[in-house]
Structures are given as structure tokens and as C-alpha cells.
Amino acid sequence: MLNKYARAFFTRVLTPFAAFLLRRGVSPDAVTLIGTAGVVAGALVFFPRGEFFWGTIVITLFVFSDLVDGNMARQAGISSRWGAFLDSTLDRVADSAIFGGFALWYAGRGDDDVLCAVAIFCLASGQVVSYTKARGESIGLPVAVNGLVERAERLVISLVAAGLAGLHAFGVPGIEVLLPIALWIVAVGSAVTLGQRVVTVRRESAEADAAAAGGGGAAS
Ligand SMILES: CCCCCCCC/C=C\CCCCCCCC(=O)OC[C@H](COP(=O)(O)O[C@@H]1[C@H](O)[C@H](OP(=O)(O)O)[C@@H](O)[C@H](O)[C@H]1O)OC(=O)CCCCCCC/C=C\CCCCCCCC
Ligand SMILES: Nc1ccn([C@@H]2O[C@H](COP(=O)(O)O)[C@@H](O)[C@H]2O)c(=O)n1
Ligand SMILES: [Mg+2]
Ligand SMILES: [Mg+2]
């Protein structure tokens with residue numbers, strides 16, 4: 001949903017910045033790499049220590065690089081298969097660090113086995129949700145569904161909650177409960193999204209196999 005409705009807005013807002021970076025000789029790949037490094041550092045330095053406010057601030061500063069790199073590549077007319085691969089692969093790295101950071105907190109001083117397991121579930125299910133699309137597309141299917149909770153939703157729900165939960169350290173009472181709520185929402189939403197994508201791939205592959213059989217050839 002965010003990908004559909006918010007992307008156009010952020011493209012408009014970030015285009016001048018992307019053009020500025022291009023003029024300074026910065027490459028889209030450099031933005032992809034530096035953005036991912038910043039997200040990973042923010043997540044793994046701050047979250048395991050329970051410093052959710054500062055972790056979220058650092059991650060937010062870097063995570064928008066994922067919208068800038070593609071914008072730069074398109075403006076410069078240098079979108080490439082390599083860039084698409086690098087972008088998607090490093091998305092998986094960044095997501096692992098964010099949900100891994102939450103899991104490390106709950107495994108340590110956060111001291112909550114259930115929430116540690118929920119965070120690990122968010123990490124794993126997010127990766128599998130993305131994999132369903134990548135694998136479906138690699139076998140020639142359109143995978144014409146995004147589902148309830150895509151990557152942008154996973155990030156916005158968990159980071160907004162983490163940022164607000166971090167205000168607990170500044171004396172705001174009761175607000176830390178937002179992070180567990182967000183993790184449960186992302187976990188359930190990711191499971192639903194996984195189901196939506198698997199059902200779609202199942203239907204599309206049956207249709208493609210039937211079309212291939214009708215045309216006298218078998219699909220591999
Ligand atoms: C006192 C307050 C404290 C709190 C302060 C901080 C609050 C700020 C909190 C959060 C900000 C979060 C921002 C998150 C931005 C996410 C941007 C992003 O990375 O989007 C990426 C996404 C997808 O891009 P791609 O096409 O490159 O990626 C594909 C995708 O990953 C596929 O995954 P799948 O969906 O299948 O699982 C992969 O399959 C594929 O491989 C991969 O290529 O881009 C978009 O979706 C575009 C839309 C982005 C919309 C961002 C909206 C941000 C909105 C609000 C944030 C501000 C909220 C402020 C709240 C303040 C609270 C007090
Ligand atoms: N280093 C990069 C990063 C991205 N691309 C191209 O942009 C597409 C992704 O666009 P986003 O707005 O989602 O970032 C990607 O599929 C590539 O075509 C690139 O070329 N180099
Ligand atoms: Mg990107
Ligand atoms: Mg990306």
C-alpha cells in the first residue's frame with residue numbers, strides 16, 4: 001500500500017537531492033552501500049542496548065537511501081540489472097539487522113523469550129515474503145500481488161513504534177509497550193502476506209502449466 005501510494009510523493013521530494021548527489025559525482029551503488037551500512041550500524045549498535053530512540057533516528061537518516069538510489073539511477077539513465085540485484089540483496093541485509101537488533105535486545109537485557117521469538121519470526125518471515133516474489137518471478141510468473149504487509153509497511157510500523165518506545169528513556173511512561181505491539185502486528189501481517197503470495201503463485205503456476213500443456217508443450 002505504501003509502495004503504491006507513498007512512492008510517488010517521496011519520488012517528488014527526493015528527486016532534487018538525488019540530482020544533487022549525481023552532480024557531485026556520487027553513484028547509485030555508493031548510495032545503496034552507504035545507506036545499508038548506516039542502517040546496519042544504527043540497528044546493531046543501538047537496538048541491542050535498548051536505545052530505541054537514537055537507533056531509530058540513525059536508521060531513519062539512512063533508510064531513505066533506498067528510495068534515493070533508484071531515483072538517481074533512473075535520472076541518470078543508468079538503471080541496471082546489477083543495481084536491481086544489489087538494491088534487493090542489501091535490503092535483506094538491512095532488514096536482518098533491524099529485526100536482529102530487536103531480537104538481541106529481548107534475548108539480553110530486554111529479557112523476554114516470547115518477544116525475542118516474535119522478532120526472529122518477523123526477520124525470517126520478511127525474508128521469505130520477499131523470496132516468494134523473487135522466486136516466482138524467476139520462474140516466469142508475474143506474481144501479481146503485493147500483499148498486506150510489504151517491506152515499506154514492515155519498516156514503517158516497526159520503526160515508528162521503536163522511535164516512540166524509545167521516548168520511555170526520556171521519561172514518557174507506558175510508551176514502551178508500542179514496540180511489542182508493532183512486532184506482533186508485523187509478525188501476523190507478514191504471515192498473512194506470505195499466504196497471499198503463495199496462493200497467488202500457486203494459481204499463476206497452475207494457469208501457466210495449463211496454458212503450456214494446451215499449447216502442446218510442458219512447462220519446466
Ligand atoms: C518522537 C518521535 C520518534 C520517532 C522518530 C522517528 C520516526 C521515523 C520512523 C520511521 C521512518 C521509517 C521510514 C521507512 C522508510 C522506508 C523506505 C524504504 O526503504 O522503502 C523501501 C520500499 C521498497 O523499495 P524497493 O522496491 O527497492 O524494495 C523491494 C522490496 O523490498 C521488496 O520487498 P517485499 O515487499 O517483497 O517484501 C523486495 O521483494 C524487492 O526485492 C525490493 O527491491 O519503498 C517503498 O515502498 C516506497 C514507499 C516508501 C514509503 C515510506 C513512508 C515513510 C512514511 C513515514 C515515515 C515517517 C513517520 C514519522 C512518524 C513519526 C512518529 C512520531
Ligand atoms: N544502486 C542501484 C539501485 C537501484 N537501481 C535501480 O533502481 C531500482 C530500484 O528502485 P528504488 O526506487 O526501489 O530504489 C532497481 O530495480 C534498479 O533498476 C540501480 O540501477 N542501481
Ligand atoms: Mg532502492
Ligand atoms: Mg530497496
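In the predicted model, an oxygen atom of ligand 2 lies 2.9 Å from an N or O atom in the side chain of Asp69. A polar side-chain atom of Arg7 is likewise placed 2.9 Å from an oxygen atom of ligand 2. For Asp87, the separation between a side-chain N or O atom and an oxygen atom of the ligand is 3.2 Å. Taken on its own, ligand 2 has 470 Å² of accessible area, of which the protein covers 82%. The surroundings of ligand 2 comprise 15 residues, and those that come nearest are Arg7, Asp29, Asp66, Asp69 and Arg74.

Two of the aspartates named above also take part in metal coordination. The magnesium ion (ligand 4) has protein donors from Asp66, Asp87 and Asp91, at 2.0 to 2.6 Å from the ion. Asp66 and Asp91 are each listed with two OD donors, whereas Asp87 is listed with one. The site has 6 donor atoms, and the angles among them run from 53 to 159°. The geometry is accordingly classed as irregular. Along the sequence, the donor residues follow the spacing D-x20-D-x3-D. Asp66 and Asp91 tie together parts of the chain that are 25 residues apart in sequence, because Asp66 lies in helix H4 (residues 65-76) and Asp91 in helix H5 (residues 81-107).

Asp66 further bridges two metal ions, the magnesium ion (ligand 4) and the magnesium ion (ligand 3). The distance between these ions is 3.5 Å. The relative accessible area of Asp66 is 22%, and the residue is therefore partly exposed. Asp91, at 12% relative accessibility, counts as buried; the cut-off for this class is under 20%. Asp91 is also the residue that UniProt lists under "active site", in an unreviewed entry.

The UniProt record, again an unreviewed entry, places the feature "transmembrane region" at residues 30-46, 52-68, 155-171 and 177-195. Secondary structure was examined for two of these segments. Over residues 30-46 the chain is 100% helix and 0% strand, with the end C-alpha atoms 24 Å apart. Residues 52-68 are 94% helix and 0% strand, and here the end C-alpha atoms are separated by 25 Å. The annotated segment 52-68 includes Asp66, the residue that bridges the two magnesium ions.

Notes. Residues are numbered from 1 along each chain as its sequence is written. Chains are lettered from A and ligands numbered from 1 in the order in which they are written. This is a predicted model: local features need pLDDT of at least 70, side-chain atom pairs count only at pLDDT 80 or more; totals for chains, interfaces and linings use all residues. Side-chain values use heavy atoms; hydrogens and water are left out. Donors are N, O and S atoms within 2.8 Å of the metal (3.2 Å for Na, K and Ca); water is not among the atoms, so sites may look incomplete. Four donors count as tetrahedral if all angles lie between 85 and 135 degrees; four count as square planar and six as octahedral if opposite donors are over 155 degrees apart and all others between 65 and 115; anything else is irregular. Helices (H or I, at least four residues) and strands (E, at least two) are DSSP runs, numbered from the N terminus. Buried means under 20% relative accessible area, exposed over 50%, partly exposed in between (1.4 Å probe, protein chains only). UniProt positions are given in the numbering used here, feature names are shortened, and annotations may be inferred rather than shown by experiment. A residue is near a molecule or strand if one of its heavy atoms lies within 4 Å of it. A polar contact is a pair of N or O atoms within 3.5 Å; within protein, one must be able to donate a hydrogen and the other to accept it, and residues adjacent in sequence count only if both atoms are side-chain atoms. Accessible areas come from the Shrake-Rupley method with a 1.4 Å probe; for residues, only the protein chains shown count as cover.
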